[in-house]
Amino acid sequence: MRDEITNHFTVLKLTERYKRKSNSEISDVFNTIQPLSAILSRMQIQNQLRTDAASMKAAKGSNYWRAVLKIALSNSNRFLTDAGY
């Protein structure tokens, strides 16, 4: 099974595609939350990212990549610190 998944990612170049899309998504999230650092606490922004992710999961499924990424960003000390939280 693992070989099939690896082959699937290789043939479809999914790693490269996800990398490009995730970089863009991370930039978009950063640019959205960074200006809010003056008015929202770290916990508030974490909760907002998680709420956004929950909405995405409800609409697109629990493994939707953007939702999973937002949850990861909400838990990333480095990302939140760089954004001013």
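In which helix does Asn77 lie? In this predicted model, Asn77 belongs to helix H5, which covers residues 77–82. A good partner to look at alongside Asn77 is Arg42. The two residues are 35 positions apart in sequence, and their C-alpha atoms are 10.0 Å apart in space. Their side chains make a polar contact with each other, at 2.6 Å. Arg42 falls within helix H3, which runs over residues 42–60.

From this polar pair, the description can turn to the nonpolar interior. The largest nonpolar core has 10 residues: Val29, Ile33, Ile45, Leu49, Leu69, Leu73, Phe79, Leu80, Ala83 and Tyr85. Four elements each give two or more residues to this core, namely helix H2 (14–33), helix H3 (42–60), helix H4 (65–74) and H5. Val29 offers a handy way into this group. With neighbours within four places in sequence left aside, Val29 is in contact with Leu49, Leu73 and Phe79, and also with Lys70. Leu49, Leu73 and Phe79 are themselves listed in the core.

Lys70 deserves a paragraph of its own. This residue lies in helix H4, and it counts as buried because its relative accessibility is 10%, under the 20% limit. Which residues does Lys70 touch, not counting residues up to four places away in sequence? The list consists of Glu25, Val29, Leu49, Asp52, Ala53 and Met56. Val29 and Leu49 from this list are also members of the largest nonpolar core. With Asp52, the side chain of Lys70 meets in a salt bridge, at 3.4 Å from N to O. That pair links distant parts of the chain, with Lys70 in helix H4 and Asp52 in helix H3, 18 residues apart. Asp52 is partly exposed, with a relative accessible area of 25%, whereas Lys70 is buried.

How many salt bridges does the model contain? The count comes to two. Besides the bridge between Lys70 and Asp52, there is one in which the side chains of Glu25 and Arg66 meet, at 3.0 Å from N to O. This pair, too, links distant parts of the chain: Glu25 sits in helix H2 and Arg66 in helix H4, 41 residues apart. Is Glu25 buried or exposed? Glu25 counts as buried because its relative accessibility of 8% is under 20%. Its partner Arg66, at 26%, counts as partly exposed. Glu25 also appears among the residues that Lys70 touches.

Helix H4 holds another residue worth a visit, Ala72. Ala72 is partly exposed, since its relative accessible area of 43% lies between the 20% and 50% limits. Along the chain, Ala72 and Leu49 are 23 residues apart, and their C-alpha atoms are separated by 9.4 Å. Leu49 is thus a familiar name here: it is one of the core residues.

Finally, the surface has a nonpolar feature. Met1, Ile5, Phe9 and Tyr18 make a nonpolar surface patch of about 420 Å². Phe9 lies in helix H1, which spans residues 2–11. With a relative accessible area of 32%, Phe9 is partly exposed.

Terms used: Residues are numbered from 1 along each chain as its sequence is written. This is a predicted model: local features need pLDDT of at least 70, side-chain atom pairs count only at pLDDT 80 or more; totals for chains, interfaces and linings use all residues. Side-chain values use heavy atoms; hydrogens and water are left out. A polar contact is a pair of N or O atoms within 3.5 Å; within protein, one must be able to donate a hydrogen and the other to accept it, and residues adjacent in sequence count only if both atoms are side-chain atoms. A nonpolar core is a set of buried Ala, Val, Leu, Ile, Met, Phe, Trp, Tyr and Cys residues joined through side-chain atoms within 4.5 Å. Buried means under 20% relative accessible area, exposed over 50%, partly exposed in between (1.4 Å probe, protein chains only). Contact means heavy atoms within 4.5 Å. Patches are made of residues with over 30% relative accessible area and no salt bridge: like charges are joined within 9 Å, nonpolar side chains (Val, Leu, Ile, Met, Phe, Trp, Tyr) within 5 Å. Accessible areas come from the Shrake-Rupley method with a 1.4 Å probe; for residues, only the protein chains shown count as cover. A salt bridge is a side-chain nitrogen of Lys or Arg within 4 Å of a carboxyl oxygen of Asp or Glu.
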